[in-house]
Amino acid sequence: MLRTLDPFSLGVGGHESEIIELALTHGFEALEIDMADFASRADHHGIVYARRLLESAQIRVGAFCLPFDWDTEDEAFRQNLDRLNHYAELAVQLGCTRCYGIIAPAGDKRPYHENFELHRVRFAEICKVLAPHGVKFGVGFRASGELRKSQAFLFIHDFDALALLVKMVDAPNLGFVVDPWNWELAGISIKELQGLHAEKIVNVQLADMPSPRPEREEITEQMRLLPGSGGIDLVAYLRTLREMAYDGPVSLAPHRKALPVVRRETLVRQSAEAFQRIWREAGLEWRAPIVPSLTR
């Protein structure tokens, strides 16, 4: 498994060299990157220039979030698919073969069955573009009830419905984002994870819940915490992933409002310390590499 720093979830910004040094200083093996931004730099300056810092640091790219909304008009979606082909080409040159997206749990555009069919068709098209490059596409859901309020139509917000959608798409490179916070809020146990094949898991995002847990209807995404509260047995999830021989990225994905208001160096350090505790408890090794000298 790849200990991955997701700077977007932590709200950590800065020059690429600064983010890389923060990652390496605190023992992360990989980064999540903004693929649209990387593609823009590669298009303007060339791929060699765009990836020079990543190569110098010898840090891997764990995954990238699909950099567009699939729920758009047909013409806009077609244009985005063309760009996705380019993104996939660049990702593979970075050694990254994992892309992911999260499904909105409700909306005002269309009823459930129409929305399901749109997602089935568009996920199939996304997977078709990514497949020749050897890139997987992982999808996840959001379970918090607050996200479904004041919306005309409900949509996928639990694992069973998501699994049905993945089955109906029937694309070999389509899989799941494993997020224990959303899984447990939706009433899913770790047994569902044990029932998956490792190759169907594309990305893993971790956050803790308060302990003792509030009532389910009172839990909001602002209660996505750094590991340590004990509301979720994250160690058990990591052990299961280890036993399954999952070899993809694992990152922390707390809600920004649940994070301390501190300097980014302190935030990454505190996040790494919380990550390191559960990582080692799961019987995994955490080694902090030597930070190379990076040229901006």
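Where in the chain does Ser-150 lie? I will begin there, and the answer is that Ser-150 sits in the loop that runs between strand S6, residues 136–140, and strand S7, residues 153–154. Before I go on, please keep in mind that what we have in front of us is a predicted model, and that the values I quote have been computed from it.

Let me stay with Ser-150 a little longer. Its phi is near 60°, a positive value in a residue other than glycine. As background, most residues other than glycine have a negative phi, and most peptide bonds are trans. Ser-150 has a relative accessibility of 76%, and therefore counts as exposed, since the cut-off for that word is over 50%.

Another residue with this feature is Gln-58, which is not a glycine either and yet has a positive phi of about 55°. Gln-58 is found in a loop as well, the one between helix H5, residues 52–57, and strand S3, residues 60–65. With a relative accessibility of 71%, Gln-58 also counts as exposed.

The backbone has a further point to show us, this time in a peptide bond. The bond that leads from Ser-211 to Pro-212 is cis, and its omega is near 0°. If you want to find Pro-212 in the structure, look in the loop between S9 and helix H11, where H11 covers residues 234–243.

Now let me step back to the chain as a whole. The protein chain contains 12 helices and 10 strands. Its radius of gyration is 19 Å, which is close to the 19 Å that the globule rule gives for 296 residues, so the chain is as compact as a globular protein of that length. Along its principal axes, the C-alpha trace spans about 55 × 50 × 35 Å. Of the 296 residues, 51% count as buried. If we take the contacts in the chain with a separation of 6 or more, residues 24 or more positions apart account for 81% of them.

As an example of a buried residue, take Ser-17, which has its place in helix H2, residues 16–25. Ser-17 counts as buried because its relative accessibility is 2%, and the cut-off is under 20%. Ser-17 and Ala-57 are 40 residues apart in sequence, while their C-alpha atoms are 9.0 Å apart in space.

Next, the pocket. How many residues line the largest pocket? The lining is made up of 26 residues, and those nearest the centre of the pocket are Ser-9, Ile-102, Arg-142, Gln-205 and Ala-253. The volume of this pocket is about 570 Å³. Sorted by character, the lining residues divide into 12 nonpolar, 6 polar and 8 charged. Helix H1 (7–10), strand S4 (98–102) and helix H9 (180–185) each supply at least two residues of the lining, and the largest share, 3 residues, comes from S4.

Two of the residues nearest the centre of this pocket, Ile-102 and Gln-205, deserve a closer look. Ile-102 is found in strand S4, and because its relative accessibility is 32%, Ile-102 counts as partly exposed. Beyond its neighbours within four places in sequence, Ile-102 is in contact with Trp-70, Gly-140, Phe-141, Arg-142, Val-177 and Gln-205. Ile-102 and Glu-221 are 119 residues apart along the chain, and their C-alpha atoms are separated by 14 Å.

Gln-205 lies in strand S9, residues 201–206, and, at 9% relative accessibility, Gln-205 counts as buried. Apart from its neighbours within four places in sequence, Gln-205 has contacts that include Tyr-100, Ile-102, Val-177, Ser-251 and Ala-253.

I will finish with the cysteines. How many disulfides does a search of the whole structure find? The search finds 0 disulfides. For Cys-96 we can say why: the closest cysteine sulfur, in Cys-99, is 8.1 Å from the sulfur of Cys-96, and that is too far for a bond, since a disulfide needs the two sulfur atoms within 2.5 Å. Cys-127 is in no disulfide either, and the nearest cysteine sulfur, again that of Cys-99, is 9.1 Å away. Cys-96 counts as buried, at 1% relative accessibility, and Cys-127 likewise counts as buried, at 1%.

How values were computed: Residues are numbered from 1 along each chain as its sequence is written. This is a predicted model: local features need pLDDT of at least 70, side-chain atom pairs count only at pLDDT 80 or more; totals for chains, interfaces and linings use all residues. Side-chain values use heavy atoms; hydrogens and water are left out. Buried means under 20% relative accessible area, exposed over 50%, partly exposed in between (1.4 Å probe, protein chains only). On a 1 Å grid over the protein atoms alone, a cavity is a set of points where a 1.4 Å probe fits but cannot get out, and a pocket is an open set with protein on both sides within 12 Å along at least five of seven lines; lining residues have an atom within 4 Å of a point. Grid points are joined across faces, edges and corners, and a volume is the space filled by probe spheres set on the points. Helices (H or I, at least four residues) and strands (E, at least two) are DSSP runs, numbered from the N terminus. Ala, Val, Leu, Ile, Met, Phe, Trp, Tyr, Cys and Pro count as nonpolar, Asp, Glu, Lys and Arg as charged, and the others, Gly among them, as polar. The radius of gyration is taken over C-alpha atoms; the globule rule is 2.2 Å times the number of residues to the power 0.38. Contact means heavy atoms within 4.5 Å.
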